[in-house]
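This briefing goes through one chain, topic by topic. Please keep the sequence and the structure in view while reading.

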Amino acid sequence: MINKMMSVATVSFLLAISSTTYAGQLTGCAAKKNELETQITYAKKHDNTYRIQGLEKALKEINENCTDESLKTKRMKKITEKEQKVAERKHDLKEAKETGNPDKIKKKERKLETAVNELSEAKNELSR
């Protein structure tokens with residue numbers, strides 16, 4: 001009996017690892033779909049009815065409307081927007097440095113750092 005339970009636990013563990021590895025290989029709409037399915041499973045485990053409804057609606061939208069090309073276009077547009085924001089923040093920082101106000105400079109540096117991080121995240125999304 002104990003050996004049977006250990007076998008079931010081992011098989012379950014191996015399936016979980018292989019599904020995680022497989023999910024890491026997915027890109028585009030397939031990756032989005034897989035992520036939503038994972039979230040739906042989690043929400044069902046925790047009886048989160050409203051979350052399930054929202055996630056299932058999002059999954060339906062992906063199944064009906066998502067194409068890898070449209071997703072790539074959307075992500076490229078987001079990268080362009082984030083690049084423009086970084087350029088604006090750099091300009092703002094340059095102006096702050098010209099004033100010599102250390103508080104203003106620090107504030108503009110933080111805003112630039114945030115914009116650079118957002119750009120990096122947008123670029124990372126492109127490969128998913």
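What percentage of the 128 residues of the chain count as buried? The share is 20%. The model is a predicted one. Its secondary structure comes to five helices and zero strands, and the order from the N terminus on is α-α-α-α-α. Among contacts in the chain with a separation of 6 or more, 58% are between residues 24 or more positions apart.

**Helix α2**

- Helix α2 covers residues 28-45 and has 18 residues.
- From the first C-alpha of α2 to its last the reach is 26 Å, close to the 26 Å expected at 1.5 Å a residue.
- Gly28, Cys29, Ala31, Leu36, Ile40 and Ala43 are the residues of α2 listed as buried.
- These buried residues of α2 pack against α3 and α4.

**Loop between α2 and α3**

- Asp47 lies in the loop between α2 and α3, just after α2.
- The phi of Asp47 is positive, near 50°, in a residue other than glycine.
- Most residues other than glycine have a negative phi.
- Asp47 is exposed, and its relative accessible area is 64%.

**Helix α3**

- Helix α3 runs over residues 49-65, which gives 17 residues.
- Its first and last C-alpha atoms are 24 Å apart, close to the 24 Å expected at 1.5 Å a residue.
- Buried positions in α3 are Ile52, Leu55, Leu59 and Ile62.
- These four cover an arc of only 85° around the axis, so they sit on the same side of α3.
- The face of α3 turned away from that buried side carries Tyr50, Lys57 and Glu64, which are exposed.
- The cover over the buried residues of α3 includes α2.

**Packing of α2 on α3**

- Two packed helices are described by the angle between their axes and the distance between the axes.
- For α2 and α3 the angle is about 160° and the axes are 9 Å apart.
- An angle over 145 degrees counts as roughly antiparallel, and therefore α2 is roughly antiparallel to α3.
- The crossing of the two helices α2 and α3 is left-handed.
- On the α2 side, the residues that meet α3 are Cys29, Lys32, Lys33, Leu36, Glu37, Gln39, Ile40, Ala43 and Lys44.
- On the α3 side, the residues that meet α2 are Arg51, Ile52, Leu55, Glu56, Ala58, Leu59, Ile62 and Asn63.
- Cys29, Leu36, Ile40 and Ala43 of this interface are among the buried residues of α2, while Ile52, Leu55, Leu59 and Ile62 are buried in α3.

**Helix α4**

- Helix α4 takes in residues 68-99, 32 residues in total.
- At 1.5 Å a residue α4 should span 46 Å, and its end C-alpha atoms are 47 Å apart, which agrees.
- Leu71, Arg75, Ile79, Lys82, Val86, Arg89, Leu93 and Ala96 are the buried residues of α4; charged side chains are thus represented by Arg75, Lys82 and Arg89.
- The buried residues of α4 pack against α2 and against α5, which covers residues 102-126.
- Gly100, just after α4, takes a positive phi of about 80°.

Methods: Residues are numbered from 1 along each chain as its sequence is written. This is a predicted model: local features need pLDDT of at least 70, side-chain atom pairs count only at pLDDT 80 or more; totals for chains, interfaces and linings use all residues. Side-chain values use heavy atoms; hydrogens and water are left out. The expected span of a helix is 1.5 Å times one less than its number of residues. Buried means under 20% relative accessible area, exposed over 50%, partly exposed in between (1.4 Å probe, protein chains only). The arc is that of the directions from the helix axis to the C-beta atoms. Contact means heavy atoms within 4.5 Å. Axes are lines fitted to C-alpha atoms, for helices over the stretch in contact, and angles run from 0 to 180 degrees between N-to-C directions. Angles under 35 degrees count as roughly parallel, over 145 as roughly antiparallel, 65 to 115 as roughly perpendicular and the rest as oblique. A crossing is left-handed if the near helix is turned anticlockwise from the far one by less than a right angle, and right-handed if clockwise.
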